[in-house]
Amino acid sequence: MDVIKKILYITSAFLYCVKGVFAETLEAGKSKFKTVFNFYHQNSNDGAQVYDNSGREEANVVEPMFFFQHQVDEYTNVNAQFVLDFWTAASDTKLDAQTGASGGEGIKGQNRVSGRLGVQREKGDWSYGGGIGYSSEYDYRSLNGSFNVAKSFAQKNFTLGFGIQYYMDEVDLFTDLTPPADANITTGLDRTILATSLTATQLLTTRDIIQFGINYIKASDYLESTASSVLISGIREAEQLPDSRDRYALSTKWVHGISDTSSLHTSYRYYFDDWEVKAHTVKLAYYLEVNEEDEDYVELFFRGHQQDKAEYFAKSFSATREFMTSDSDLDEFISGEVGVYYSNNVGDKNWFGFNFENVEWGNGIVMFNRDNGMRYSYIQTSLGVQF
């Protein structure tokens with residue numbers, strides 16, 4: 001395998017964002033199926049938005065994901081994904097207990113079901129596609145659609161891509177939190193989100209790829225979080241946020257092939273919005289191919305993030321304001337994330353009388369900490385097959 005093919009192989013996650021242009025194309029009539037299981041745990045004792053004043057933001061999530069792709073012909077594939085989330089969250093349980101709807105102890109667990117169906121077509125220098133998706137959980141429902149198009153130039157050394165997504169969502173929000181009255185939940189409140197992206201990818205040399213991106217997201221209507229509250233002179237009330245938010249991000253990525261078996265990935269993103277949140281994110285990742293014959297590889301990465309707080313944020317308030325939030329995600333903080341992932345290509349297998357090709361097994365672990373109290377970790381295991 002020559003150098004540039006190796007770089008393309010071990011940078012598939014980076015390149016896939018140019019929808020379909022560098023994505024894997026199967027033989028006509030072939031299919032690929034992949035399962036991913038995530039096991040996630042988070043904890044914090046400093047969440048000022050938590051209803052019972054404990055600050056506890058503990059949550060545990062089990063998330064099985066299923067992905068399918070079928071190559072209809074040389075140019076066209078259909079793809080689908082299905083995701084299940086099962087979780088328990090202490091803050092949700094405490095607040096829900098006040099409604100009386102789930103009994104005095106509140107909900108013990110929640111789940112989310114989501115799915116997406118899409119199609120992608122490549123013809124010459126063009127790639128385009130789209131999809132529709134749906135998601136439903138205890139307090140949120142989402143119907144969404146997407147479209148993407150990309151064109152390559154200069155013998156596919158340069159690619160320009162554009163993507164758009166639109167979400168028509170409904171959110172349920174808790175109201176009337178003031179004791180001793182029970183909290184009430186208002187259902188079916190609208191929320192819409194428009195997300196757009198523009199990317200440009202340039203193959204510089206046989207060892208170097210660079211990408212630039214611009215993202216814009218417009219969120220409208222009810223943008224509060226279901227379980228977030230604020231403390232006003234010792235009394236809990238529901239958070240209040242503007243009915244619109246404009247978000248922007250500028251990013252760049254560089255992939256450098258160090259040798260025939262290793263590469264370095266670096267990326268930087270600058271984010272800002274009209275709630276006065278500004279953030280800088282850097283990520284460094286090192287890929288090492290550990291078995292040339294089977295194309296096994298190891299990824300090691302570090303991600304650092306620094307964020308300013310939203311103009312409406314405070315841990316507590318002395319008087320009611322028009323807009324108020326104590327959501328720790330909108331606080332100022334510095335965070336760090338480290339992880340390792342190993343992908344093992346175990347070759348062709350015959351299981352239960354069926355022949356599977358290019359069986360790939362992957363495992364990873366990630367740990368995260370930020371200086372306003374939040375910490376989490378998760379492990380991931382995946383299995384992919386072609387047939």
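Here is a friendly exchange about a predicted model.

Student: How many residues, in percent, reach a pLDDT of 70 or more in the chain?
Tutor: Good place to start, since this is a predicted model. The mean pLDDT of the chain is 87. The share of its residues that reach 70 or more is 89%.

Student: Over which residues does pLDDT stay under 50?
Tutor: The model does have 56 contacts beyond four places in sequence for this stretch. Where pLDDT is low, though, the predicted coordinates should not be read in detail. The stretch in question is residues 1-22.

Student: Is Tyr222 buried, partly exposed or exposed?
Tutor: Tyr222 sits in the loop between β9 (208-221) and β10 (229-232). Buried would need under 20% relative accessible area, and exposed over 50%. Because its relative accessible area is 41%, Tyr222 is partly exposed.

Student: How far apart in space are Tyr222 and Thr192, C-alpha to C-alpha?
Tutor: Leaving aside residues up to four places away in sequence, Tyr222 touches Val171, Leu173, Leu189, Asp190 and Arg191. Tyr222 and Thr192 are 30 residues apart in sequence. In space, their C-alpha to C-alpha distance is 8.6 Å.

Student: Which residue in β4 stands opposite Phe86?
Tutor: Look at strand β3 (residues 76-89) and strand β4 (residues 110-123), which pair in the antiparallel sense over 12 bridges. Opposite Phe86, in β4, stands Asn111.

Student: Which residue takes a positive phi in the hairpin of β4 and β5?
Tutor: β4 and strand β5 (residues 126-137) run antiparallel, joined by 12 bridges. One of the paired positions is Arg112, whose bridge partner in β5 is Glu137. The hairpin has 2 residues between the strands, and the residue with a positive phi near 65 degrees is Gly124.

Terms used: Residues are numbered from 1 along each chain as its sequence is written. This is a predicted model: local features need pLDDT of at least 70, side-chain atom pairs count only at pLDDT 80 or more; totals for chains, interfaces and linings use all residues. Side-chain values use heavy atoms; hydrogens and water are left out. Helices (H or I, at least four residues) and strands (E, at least two) are DSSP runs, numbered from the N terminus. Buried means under 20% relative accessible area, exposed over 50%, partly exposed in between (1.4 Å probe, protein chains only). Contact means heavy atoms within 4.5 Å. pLDDT is the predictor's confidence in each residue, from 0 to 100. Two strands pair if DSSP finds at least two bridges between them.
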